[in-house]
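Colleague: Please take a close look at a single part of this model, and then set that part in its surroundings. Keep to geometry, and give the cut-offs as you go.

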Amino acid sequence: MTQVARSWADQTQGSAAAFMLGRLALVPDLSGALWLPDERTLVVADLHLEKGSAYAARGVFLPPYDSAATLAALAAAILRHAPARVIALGDSFHDIHAESRIAPDNLATLRQLQQGRDWLWINGNHDREIGPAMGGETAAGIEIAGVALRHEPEAGEAGFEIAGHLHPAAKVRMRGRALRRRCFALSPRRCIMPAMGAYAGGLNLRDAAFRPLFLEGLSAHLLGDGRLFRIDERLLLAD
């Protein structure tokens, strides 16, 4: 079996096995969410709700279904894990005017997902202000079991960190063809989460933006078709 095939054989259905970031157990989920079982907390990043309508307001017309699709993915993850708390790590809304554009049905879905659980919006660079109509509470960041959860990763962070913002994606080659997917980027001290937003896109892990964040090396957990795939850093390709 080739090295690529061995790496691709390291896979699991739905969620990966738990790994430790300091004292905190993390379980990457196929949806792009991160499950913290000991905390009964689901973490998501970069939902970018109402990105389609933001583009439409500037004359760039995309199918107006991104918010509904993103909320459906979020709802499936919530149904799977039944969290007591949801933390969204910033850029949950594509801009500060998303509240005025979100469809009533999508807002109703969001508020239904919030029922019966705590909900925390971490402010991002796209959504520095989140109005009360969106429900939940807001904060610049939060610490859980000694791990900092924030929107933008900090290269000089000496502790443990979970962040979003960079929308990591990985490219690998298997059986003669290249495959590019969103992924979790993991190291002994840091987890950078994939964007969950339907229109969020992804930045290749070989991009220079990731280098100062993973001086100790990294592994990628790709969001595959029905499975998560753990890929060794040596197998990652540039675009």
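Modeller: Arg-40 sits in the loop between β4 and β5; strands here are DSSP runs of E with at least two residues, helices are runs of H or I with at least four, and both are numbered from the N terminus. This is a predicted model, in which local features need pLDDT of at least 70 and side-chain atom pairs count only at pLDDT 80 or more, while totals for chains, interfaces and linings use all residues. Residues are numbered from 1 along each chain as its sequence is written, and side-chain values use heavy atoms, with hydrogens and water left out.

Arg-40 is not a glycine, yet its phi is positive, at about 50°. Its relative accessibility is 46%, so Arg-40 counts as partly exposed; the class lies between buried, under 20% relative accessible area, and exposed, over 50%, with a 1.4 Å probe and protein chains only.

On one side of this loop is strand β4 (residues 34-36), which holds Leu-36. Leu-36 is buried, with a relative accessible area of 0%. Apart from neighbours within four places in sequence, Leu-36 is in contact with Leu-24, Ala-25, Leu-26, Thr-41, Val-43 and Ile-144, where contact means heavy atoms within 4.5 Å.

β4 pairs with β3 in the antiparallel sense over two bridges; strands count as paired if DSSP finds at least two bridges between them. Pro-28 stands opposite Leu-34 in this pair. Five residues lie between the two strands of the hairpin, and Gly-32 there takes a positive phi near 100°. β3 (residues 24-28) is mostly covered, with five of its five residues buried: Leu-24, Leu-26 and Pro-28 on one side, Ala-25 and Val-27 on the other. β3 also pairs with β2 (residues 19-21), again antiparallel, over three bridges, and Phe-19 stands opposite Leu-26.

On the other side of the loop, β5 (residues 41-44) runs parallel to β6 (residues 85-88), and four bridges join them. Thr-41 is opposite Arg-85 in that pair.

These strands belong to an open sheet of seven, in the order β2-β3-β4-β5-β6-β7-β8, with mixed pairing. β2 and β8 (137-139) are the edge strands with a single partner each, so one side of each has no neighbour in the sheet. The twist averages 30° from one strand to the next.

Helix α3 lies across β4, β5, β6 and β7 (118-122), at about 160° to β5; axes are lines fitted to C-alpha atoms, for helices over the stretch in contact, and angles run from 0 to 180 degrees between N-to-C directions. The axes of α3 (residues 66-81) and α5 (residues 104-114) come within 10 Å and cross at roughly 15°. The two helices are therefore roughly parallel, a class that takes angles under 35 degrees, with over 145 being roughly antiparallel, 65 to 115 roughly perpendicular and the rest oblique. The contact involves Ser-67, Ala-68, Leu-71, Leu-74, Ala-75 and Ile-78 of α3, together with Asn-106, Thr-109, Leu-110 and Leu-113 of α5. By class, seven of these residues are nonpolar, three are polar and none is charged; Ala, Val, Leu, Ile, Met, Phe, Trp, Tyr, Cys and Pro count as nonpolar, Asp, Glu, Lys and Arg as charged, and the others, Gly among them, as polar.
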